[in-house]
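Please look through the model below before reading on. The paragraphs after it offer a guided walk through some of its parts.

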Amino acid sequence: MIRIKNVSKYFGKKAALKNVNLEIADGETLAIIGGSGSGKSTLLRLMIGLIKPTEGEIWIDDDEISQMDEDEITSIRLKMGMVFQYSALFDSMSVGDNVAFGLVEHTDFSKEKIREIVREKLKQVGLEGVENLMPNELSGGMKKRVSLARAIAFGPEIIFYDEPSSGLDPVTTNKIDELIISTQRALKVTSVVVTHDMISACRIANRIAMVYNGELIAIDTVENFKKIEDVRVKEFLRGIV
Ligand code: ADP
Ligand code: MG
């Protein structure tokens, strides 16, 4: 579903990513872990086509997106749903309008049909009857749910999450993890989840990839990942296995 070949990304002279190679299979959930500033979000933003690599290729299905112009990328992006770190809801729009946003922009569905889809997607993430609330009336966990409802509104093939549980308490983090798992099962999507939370990563993922100082230093199934001998991996795992 996603193939990253020899990708490097420089910001000025600084290498945020160095020669990364990575393949993510259809229907897989991959967690990308690593410390702050290691390059996780940069890797995610490259896959979404928000930024372009300095070197290398990025394939989504049969399309190499790194050379595409903005229009072409927009059409690829309709296959993707994104849940960002701070939910990134539009504060001046109701919850319903937030979830409807992409449908209004990119389809000619009737108002009734859009309203029906919004209701159904909110229900899928465990929220009902909140369409008329404003984002600032919601808890952090609810905002994440709304953000996920918006991400799945279009029926994406891939869902990208950037630190979906940052700033949430452990109980809410658990619930968001469960929601990521149930969404994956219900929709059979490919999921890429950036997190610095190793416990979350083990719970939700099929495989874990670790980025360290811009390099992809380890990738394996959850079980095997826990047995990796690299000190940088062990340091990250300390206290949880
Ligand atoms: P992470 O998500 O793992 O915390 P990032 O991918 O956000 O890390 O950042 C990796 C490195 O690239 C950091 O050193 C960061 O400062 C740098 N970086 C990220 N985005 C930019 C940017 N737009 N301009 C300059 N430097 C950036
Ligand atoms: Mg980040």
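What follows turns to the ligand and then to two pairs of helices.

This is a predicted model, in which local features need pLDDT of at least 70 and side-chain atom pairs count only at pLDDT 80 or more, while totals for chains, interfaces and linings use all residues. Residues are numbered from 1 along each chain as its sequence is written, and side-chain values use heavy atoms, with hydrogens and water left out.

Around ligand 1 lie F11, K14, A16, G35, S36, G37, S38, G39, K40, S41 and T42, each with a heavy atom within 4 Å of it. Among the polar contacts (pairs of N or O atoms within 3.5 Å), a polar backbone atom of G39 is 3.0 Å from an oxygen atom of ligand 1, whereas for a polar side-chain atom of K40 the distance to a ligand oxygen is 2.9 Å. The side chain of T42 also takes part, with an N or O atom 2.6 Å from an oxygen atom of ligand 1.

Two packed helices are described by the angle between their axes and the distance between the axes. Helix 3 (residues 95–106) packs against helix 4 (residues 111–124) at an angle of about 120°, with the axes 9 Å apart. That angle makes helix 3 oblique to helix 4, a class for angles that are not under 35, over 145 or from 65 to 115 degrees.

Helix 5 (residues 140–152) and helix 6 (residues 170–187) pack at about 15°, their axes 10 Å apart. Helix 5 is therefore roughly parallel to helix 6.

Note on methods:
Chains are lettered from A and ligands numbered from 1 in the order in which they are written. Axes are lines fitted to C-alpha atoms, for helices over the stretch in contact, and angles run from 0 to 180 degrees between N-to-C directions. Helices (H or I, at least four residues) and strands (E, at least two) are DSSP runs, numbered from the N terminus. A polar contact is a pair of N or O atoms within 3.5 Å; within protein, one must be able to donate a hydrogen and the other to accept it, and residues adjacent in sequence count only if both atoms are side-chain atoms.
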